[in-house]
Structures are given as structure tokens and as C-alpha cells.
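Student: Please take me closely through one part of this model: the place where the domains meet, and the pockets that go with it. Cut-offs included, since I'll want to know how things were counted.

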Amino acid sequence: MTTIMSRKVLHAEQAAAGVRLANSKVKVLQIGEGNFLRGFVDWMLHECRKQGLYDGAVAVTQPRPGGKPKIDALAEQDGLYTLVIRGLERGERVERTEVIQVFGQAFDPYSNWNAFLSLAESPDLEVVVSNTTEAGLVYRPEALVEGQPIQSYPGKLTQLLYRRFTYFSGDPGRGLVCLPCELLERNGDELRDCVLRYSGDWGYPEAFKQWVREHNRFLNSLVDRIVTGYPDAAQADAWFSEWGYSDPMLTTAEPYHFWAIEAEPELERLLPLRAAGLNVHWVEDLKPYQLRKVRILNGAHTLMTPLGLLHGIPQVREAMEHPALGRLVRDTVEKEIIPSLPIAAEELASYAEAVYERFLNPYIFHRLADIAMNSLSKFKVRLLPSLLHYADGGQSLPQGLLQGLAGLLRYYKIERVDEGFKGYTLAGESYMVRDDASQLDAIAAVWSEAKSGSWPLEQTVARLLGLGDIWGRDLAAGQPKLAAQLAEIIDEMEA
């Protein structure tokens, strides 16, 4: 019989691991109690502590009131929780279980605002990490009310920094290093700009703004790991029976992890992540890392999704295992996308192999229907630049990218219905398309006119390629054969 993860169980785990938090000072403030940070940053800090490279603890709070149950659960478990890492490494299945032990404090800032602000007065605090989702890292005008918690994350950080500025009399050495993990380009710059806007709204002095700009670091970073969260009930129960305790804060993650941080390597003195053997890189410029992720990992997703759904393939892993679609994805990445990128081909090939292994993870059930949302804008950012690399260079358009565009156009063969916009697979099964409503209206209108006017498919495709508001340009312009090529591919699909 299992018991809820108790202090007795957890402290036994601590003793076995030789990792103790009792005398650790809080050096990191974490805004975000969710699965991602617990399966990414907190796991990394745990690895550093295990190796004796880091002695700091983390204070964790939630960015929104709705996160209180998780914060309370972490506090009840003395900040400890179980992480299971499982997936493929060099083609072999792996499964590793750790009790993560980095949280020195876990509290709700909405009911304990003073506890949050008091962290600003700690001389030990050095780093702020966050993952509040893209929607959380935005500026929203908000009134400043004495003694009342600020709702937004950037607003909370502004209050924390102002308390620290006043408490330490503007000491240049008391600035903090802020490491946002939100999936926004230039996320550090965005966070700094939000802080400065709130400072202006609330009438904070210019000396404080100067201190923010000159003595605090807002680092742009790129994170990559699939953290799959709490497993299905049968798997959780099996593990709990094996371990002898249950853990409501259990989470799971893939083995792969990557973190690129735009900063000098000397910041290892604060966070010795590379010293611990982690796949973390202090870099001068994030752009190459962002480019390879968007064009290869995200691009492969966007390539396979419409084609997979049209053929009745529901998941990423099954798409990669499919003899035709899996080969198409690999060939397109290796022979068409990688040659279009201004990055060393050998480096990109190694990255692509890691991506394939992640896609084939038998423990991850990544639905193509979820990836399909907003496929128009995704194609424009992820695959269209590679296609235009060949078109604008006067070269023949490669077959894999053409297959991807044809699959997208066929997937968006839609009609407006009461529930939204409906399409049909090649087998005649219906599906709903989720995307920008005005763009869907424009596409549905083209297909409707084609049906009523009995246009040839090539003419319909040409009309779709000419929707500049969607693609940013008329894709048929300068490519007289493109509509015919795509129409032929769609005809072959239908046949």
C-alpha cells in the first residue's frame, strides 16, 4: 500500500542521495510552478547539487492565482517531487527516476505578498528564472496599490527590483540575473522593456531605471525539452506501487535537453551548468540556434502534419515510422532544408538526428491534430523561407517542400459550417481546421468558387497562392509552373 509522498519518505531519499537543503541559501527565485521548469531548470540545478557544484536553493512561486494548488502541494512535500526521464538515447530505451530536491521555499505570492517582496532584501539572491508562457511575458497596464500583489509577472518583478533598489540604496552589486524561459524571441529584452514600462507607469525615479538597465541582466535564452507532465493513471499507479509512495507532483520528461543563453561563459560562476555536463551553451548570438530549431524541428512538424492527417496518421511517432512519410520528412530536412541554411551542414545533420530520435520517443504521444493549429502562419515562418531560398535563387523547387505545400493546400480544402471550418481527409473523414478566421474565410471562398464554377484544380491552386495576406507575397508570381506542379501532387494524393 502506498502513502502520499511524506517527509519521512522524502528525507530518506535525501539521505540516500546525499543532497541536503537544510543549510542552503535561496539564490534563485523561480516564477512558475509548472511541469516545464520542474523538468528543466530545477532538474539541472539538482544535477549541479548532486555533483557538489552548487549549494543554492530555489524559492518558487506561481505567476497566476490558479497555480496555488500546485504550490501548496509542493510546500506539503517540503518542495520535493519525482521526475521520470524516459525516451530514446542512441536508439536505446532509457528510464531514470530522480527525487528532485532544490526548493527551499514554496509559497503563494497572492496570499503572502510580503514574503515575495522580502526576497528582494536577501543578499544571497542572484538569479530569477521564469516560465509564465508567452501570454505571461507581456505588458498590461496595471494600477499600483500599496500592499496589494501585482498580477502580471513583469509587474511583480518590477516591484521586487524596486524593493531591492531601495533596500540596498542602489548598490550596483545587488542587481539580479533574469533568465526568462518563455518561448518568445528576445525574451530577455522583452522582460526588461516591460519592467521599464511599469517603472514609468508607477512614477519610479530615473535612478532606478538606470540601475535596472545597467546593473541587472535580462538574458535572452532558448529552451528545448519536451516535459510531458503527469503520466496516465495506470503508469502512475504502477510506479507508485514500485516506489512505495504516491506523488501528486510527479512529472515526466524526455532525455533530450538544450538551453542556449546569450551571455558570456563567465556566468558559470553563478550557474555551473556546463560544468555539470548539461547541454547548456553560453553564446554570443542566439539566432543560429533559433533558426535551426524553427527550420528543422518545427519545420519537420509542419511538413508532416497536414500530410499525416490527410492520410489518417494521428501522431508524430507514427508519421516518422511510416515508410513513405517518414522518409519524406528525413529527405526534405537533409536534402532541402539543411542546404538552405547558413549554418555548418555537419552541425545541422547532427541536430537533425537528435530531432528524429525525439520524434520516435515511444513514451510521447504528440497528436498531429494539436500541431495543426495555425498551420498557415507556421508554414510561413518554418517552411516557406526554405522554399523561397530556391525560388528566389532561380533554382528548381525541391520535391519535398513542394509536397509539404501541396499537403497544406489540400488540408485547407475547407468549407464554412456552423461550428467553424471543416475539411475532409483523403478517406472522406471530416476534421475541423483551427486558424485565423479571416484567412480561413478567404481560403474557403476560393474553394467554394472553384466548386461552383467548376474551375480546374490548377486555377484554384493559383488563386490560393495569390492570397498575399496569408503568404506575405503572391507565391505564383515568377513561378509559372508552381500551380501546375502543386495541382499534380494534389491529384496524385486524391487518386
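Tutor: Buried area here is the accessible area (1.4 Å probe) that two parts lose on being put together, summed over both. This is a predicted model, so local features need pLDDT of at least 70 and side-chain atom pairs count only at pLDDT 80 or more, while totals for chains, interfaces and linings use all residues. Residues are numbered from 1 along each chain as its sequence is written, and side-chain values use heavy atoms, with hydrogens and water left out.

Let's start with the two parts. The domain assignment splits the protein into domain 1 (7-283) and domain 2 (287-494), with bounds that come from an automatic or database domain assignment. Their C-alpha centres sit 36 Å apart. Where they meet, about 1,600 Å² is buried, and carbon and sulfur atoms give 60% of that. On the domain 1 side, Leu 88, Leu 222 and Tyr 256 lose the most area to domain 2, together 29% of what that side buries. Counting contacts (heavy atoms within 4.5 Å), 23 residues of domain 1 touch 14 residues of domain 2.

The UniProt record, an unreviewed entry, has its own boundaries. It lists residues 27-264 as "domain: Mannitol dehydrogenase N-terminal" and residues 285-491 as "domain: Mannitol dehydrogenase C-terminal". Those positions are in the numbering used here, feature names are shortened, and annotations may be inferred rather than shown by experiment. Helices (H or I, at least four residues) and strands (E, at least two) are DSSP runs, numbered from the N terminus. Residues 27-264 come out at 34% helix and 25% strand, with end C-alpha atoms 20 Å apart. For residues 285-491 the figures are 64% helix and 5% strand, and the end C-alpha atoms lie 44 Å apart.

Now the empty space. On a 1 Å grid over the protein atoms alone, a pocket is an open set of points with protein on both sides within 12 Å along at least five of seven lines, a cavity is a set where a 1.4 Å probe fits but cannot get out, and lining residues have an atom within 4 Å of a point. Points are joined across faces, edges and corners, and a volume is the space filled by probe spheres set on them.

The largest pocket has a volume of about 1,600 Å³. It is lined by 49 residues, and the closest to its centre are Glu 134, Leu 183, Lys 293, Asn 298 and Arg 382. Domain 1 and domain 2 each supply at least three residues of this lining. Elements that put in at least two residues include β10 (221-224), β11 (227-229), α10 (287-310) and α13 (345-359). Of the elements, α10 gives the most, with eight residues. For residue classes, Ala, Val, Leu, Ile, Met, Phe, Trp, Tyr, Cys and Pro count as nonpolar, Asp, Glu, Lys and Arg as charged, and the others, Gly among them, as polar. On that scheme the lining has 21 nonpolar, 13 polar and 15 charged residues.

The second largest pocket holds about 560 Å³. Tyr 256, His 257, Asn 279, Ala 354 and Glu 357 lie nearest its centre, out of 22 lining residues. Two or more of the lining residues come from each of β4 (81-89) and α13, and α13 gives the most, with six. Here too, domain 1 and domain 2 each contribute at least three residues. The split is eight nonpolar, six polar and eight charged. Tyr 256 thus turns up twice in this tour: among the residues that lose the most area to domain 2, and among those nearest the centre of this pocket.

For contrast, take the closed spaces. The count comes to two cavities of 30 Å³ or more. The largest holds about 50 Å³, and its lining has ten nonpolar residues, with no polar and no charged ones. Trp 447 and Trp 471 are among the residues that line it. The second largest cavity has about 30 Å³, with Trp 259 and Val 28 among its lining residues, and its lining counts seven nonpolar, no polar and no charged residues.
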